[in-house]
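Where do the charged side chains of this protein sit, and which of them pair up? The paragraphs below go through them in turn.

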Amino acid sequence: RRLLKVYVWTTPAQQAVGILQARHSVALTAPPGSGRWSTAAAAISQVGATPHRIDLDPEDARRDLPAETGCGYILDIDQETFNEIPSIGEILTEYSLRLATADAFLVITATTSAWTQLQGRTSFEEVSLSPPSAEEIFNKRVTHANPADIPRWAWDSEIKRLLDDASPADAVRLADLARDVLSTGSDDPVG
C-alpha cells in the first residue's frame with residue numbers, strides 16, 4: 001500500500017486500472033525503466049488485490065499457476081519467453097480465464113517489441129505506458145517523506161538539473177537519497 005501513496009498516476013496507468021477491473025487482465029508495454037512493474041503493482045493494488053510476481057518455468061510452463069482470490073499476478077514477458085515457451089499465448093489466455101473465474105488478476109509487462117510477437121495470440125488489451133516526469137516522481141516521493149521540505153528541494157537548481165535527464169528509476173533513487181538526507185536533519189539538499 002506504500003506504493004499507492006507515492007505512485008504518480010498517468011492517464012495510461014488509470015486506463016490500465018479500468019481494464020483490469022473490467023477484464024481481470026491487461027498488458028502493459030513500455031521501454032525498460034519506464035515503470036512497468038510499479039504500474040502493474042499499483043494497478044493491482046488499486047483494484048483491491050495483493051500484487052505477486054510470478055515466473056514461468058520453461059520446463060513446465062503449464063504447471064498449476066497460482067490463482068487465489070484477491071491476488072494479482074505480474075508476469076514479465078521478453079524475447080526469451082517466446083523462444084523457451086512457444087505456446088505462451090495459449091497458456092496466458094487459459095490462465096487469464098482461470099484468474100477471472102477466481103476473482104484474481106493478471107498484469108503482463110513487456111517491451112513493445114516483445115508484446116508485438118504476442119498480439120493476436122491472446123485477448124489481452126494492451127496499454128502503452130508513458131511514465132510521468134522524473135520531477136513529478138521525485139516531488140511526490142519527497143512530499144510523502146516530509147511534506148514541509150518539498151519547497152526547498154523541488155526548486156533547488158542542482159536537483160532540477162539532475163532530474164532533467166533522469167529516468168523514473170533514477171528519480172526514485174534520488175528521492176530515496178533525499179529522504180535519507182532529510183532524516184539526518186540537514187538543511188542543504190545538495191551539500
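Aspartate 57 is partly exposed, because its relative accessibility is 33%, and partly exposed covers the range between under 20% (buried) and over 50% (exposed). The model in which this value was computed is a predicted one. Along the chain, aspartate 57 belongs to the loop that runs between β2 (50-53) and β3 (71-77). On the surface, Asp57 is part of a patch of negative charge, together with Glu59, Asp60, Asp64, Asp78, Glu80 and Glu84. Residues in such a patch have over 30% relative accessible area and no salt bridge, so the 33% of aspartate 57 meets the cut-off for area.

Other charged residues do have partners. Side chains of opposite charge can pair when their charged atoms come close. With a limit of 4 Å between a side-chain nitrogen of Lys or Arg and a carboxyl oxygen of Asp or Glu, six salt bridges are counted. Three of them are described here, among the six.

One salt bridge joins aspartate 76 to arginine 36, with 3.9 Å between the closest N and O atoms. Arginine 36 lies in helix α3 (residues 36-46) and aspartate 76 in strand β3, so this pair ties together parts of the chain that are 40 residues apart in sequence. Is arginine 36 buried or exposed? Arginine 36 has a relative accessible area of 15% and is therefore buried, since buried means under 20%. Aspartate 76, at 32% relative accessibility, counts as partly exposed.

A second salt bridge is formed by lysine 160 and glutamate 135, whose closest N and O atoms are 2.8 Å apart. Here the pair ties together two helices, because lysine 160 is in α9 (residues 157-164) and glutamate 135 is in α7 (residues 134-145); these parts are 25 residues apart in sequence. Lysine 160 is partly exposed at 25% relative accessibility, and glutamate 135 is also partly exposed, at 25%.

The third pair lies within one helix. Aspartate 170 and arginine 173 meet through their side chains in a salt bridge, at 2.4 Å from N to O. Why are they about one helical turn apart? Both are in helix α10 (residues 168-184), and they are separated by about one turn because they are three residues apart. Aspartate 170 has a relative accessibility of 32%, which means that it counts as partly exposed. Arginine 173 is partly exposed too, with a relative accessible area of 48%.

Conventions:
Residues numbered from 1 in each chain as written. Predicted model: local features only at pLDDT ≥ 70, side-chain atom pairs only at ≥ 80, totals over all residues. Heavy atoms only, no water. Patch = residues over 30% accessible without salt bridge, like charges linked within 9 Å, V, L, I, M, F, W, Y side chains within 5 Å. Areas by Shrake-Rupley, 256 points an atom, 1.4 Å probe, with all protein chains shown as cover. Lys, Arg positive; Asp, Glu negative; His and termini not counted. Charge placed at Lys NZ, Arg CZ, Asp CG, Glu CD. Helix = DSSP H or I, 4+ residues; strand = E, 2+ residues; numbered from the N terminus. Buried < 20%, exposed > 50% of the residue type's maximum accessible area, 1.4 Å probe, protein only.
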